[in-house]
Amino acid sequence: MSEHMHNEILEQQRKARQEFLELKKMQRGGSGAVHNPDKDAIVPKTPREKIANFWFHYKWHTIAAVLAAVILAVSVTQCATAVKNDFAVVVFSYSSLSDTQLAPLKAYMEDICEDINGDGTVSIQFVNCSYNKSGNNGQYEYTMLTKLQAILAGEDNALLYISDDESYKYLSESDGSEGLFKEEPCKIGQNLISKLSSESEDGIPLPDNLQISCRVVKGSAIEGKKNMDKIEEQSKKIIEAIKAEG
């Protein structure tokens, strides 16, 4: 090997050792410090620069937080201003009745009653479980019966039941040997049906075979529930008014 080539190899080895030592020195915090790009970044100083920097880094976080706050505010407002029902009326007949058909009867009852829950508004919830028994939709029939049974088992503020002769028999046997009702049902007469039909939006009158009954409270599982005395009082008031219509 020539002396010139030998010297070049030694020089390369020397440079490699020198670079290795410099690297180790930099890693140990020596004079050759590792370059940190964050230190070279421009630090915002004015309020405008700080706002712009914040928006650049947290734009989507801020938008998400604002949307969440708006949704929460709207939900709280709706809950605070929502009309709360004073009590419920269950409609269970073997002929299908639309909510539009029942709307005038609902309004008629609300005009008769007094506010129970103290919110300044009389609001009665109509729970429509009616269906066409002669139809072929077994799944819908099953759904309505399941809904009815859930109300019978857990709805404490529903004392009034609108039915026809056949569905009344089903209801009267739904509460064991004592029965759901003690008094005979009150027929919804033709005079009232004619009056309500004139107020119906779709012009379809209620059928003339409907009747209304009040559920037994004394000695039952719902006795003593919240506002039960007032609900029973208003329910009986409705029945008396319907009787008076003839």
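Before you click anything, one cut-off: buried means under 20% relative accessible area, exposed means over 50%, and partly exposed is whatever falls in between. Lysine 195, with a relative accessible area of 37%, is therefore partly exposed. Keep in mind throughout that this is a predicted model.

**Stop 1: the sheet**

Start by selecting the strands. You should get an open sheet of five, in the order 2-1-3-5-4, with mixed pairing. Now colour strand 2 (124-128) and strand 4 (186-187): these two stand at the edges, and each has a single partner strand, so one side of each lacks a neighbour in the sheet.

Zoom in on strand 2 and its partner, strand 1. The two run parallel and are joined by five bridges. Show valine 89 as sticks and look across to strand 2, where phenylalanine 126 stands opposite. Is strand 2 mostly covered or mostly open? Mostly covered: of its five residues, four are buried.

Then swing over to the other edge. Strand 4 runs antiparallel to strand 5 (residues 211-214), and two bridges join them. To find one end of this pairing, pick lysine 187; its bridge partner in strand 5 is glutamine 211.

**Stop 2: helices over the sheet**

Keep the strands on screen and add helix 4 (residues 99-112). This helix lies across strand 1 (87-91), strand 2, strand 3 (158-163) and strand 5. Its direction makes an angle of about 150° with strand 2.

Next, add helix 6 (residues 165-172). Which strands does helix 6 lie across? Strand 3 and strand 5, and the helix runs at about 145° to strand 3.

**Stop 3: salt bridges**

There are six salt bridges in the structure. Here are three to select.

- Stay with helix 6 and pick glutamate 166, which forms a salt bridge with lysine 133; the closest N and O atoms are 2.9 Å apart. This pair links distant parts of the chain, 33 residues apart: lysine 133 sits in the loop between strand 2 and helix 5 (138-154), glutamate 166 in helix 6. Both ends are partly exposed, lysine 133 at 37% relative accessibility and glutamate 166 at 45%.
- Go back to lysine 195 from the opening and add glutamate 245. They form a salt bridge, with 3.2 Å between the closest N and O atoms. Again the link is between distant parts of the chain: glutamate 245 belongs to helix 8 (residues 228-245) and lysine 195 to helix 7 (residues 190-197), 50 residues apart. Glutamate 245 has a relative accessible area of 22%, so it counts as partly exposed.
- Without leaving helix 8, select glutamate 240 and lysine 243. Their closest N and O atoms are 3.9 Å apart, and the two form a salt bridge. How many residues separate them along helix 8? Three, which is about one turn of the helix. Glutamate 240 is partly exposed, with a relative accessible area of 48%, and lysine 243 is also partly exposed, at 48%.

**Stop 4: a nonpolar patch**

Finish on the surface. Select Trp55, Trp60, Ile63 and Leu67, and switch on a surface view: together they make a nonpolar patch of about 460 Å². To place the patch on the fold, follow isoleucine 63, which lies in helix 3 (residues 47-81). With a relative accessible area of 31%, isoleucine 63 is partly exposed.

Note on methods:
Residues numbered from 1 in each chain as written. Predicted model: local features only at pLDDT ≥ 70, side-chain atom pairs only at ≥ 80, totals over all residues. Heavy atoms only, no water. Pairing = 2+ DSSP bridges. Contact = heavy atoms within 4.5 Å. Axes fitted to C-alpha atoms, helices over the stretch in contact; angles between N-to-C directions. Patch = residues over 30% accessible without salt bridge, like charges linked within 9 Å, V, L, I, M, F, W, Y side chains within 5 Å. Areas by Shrake-Rupley, 256 points an atom, 1.4 Å probe, with all protein chains shown as cover. Salt bridge = Lys/Arg side-chain N within 4 Å of Asp/Glu carboxyl O. Buried < 20%, exposed > 50% of the residue type's maximum accessible area, 1.4 Å probe, protein only.
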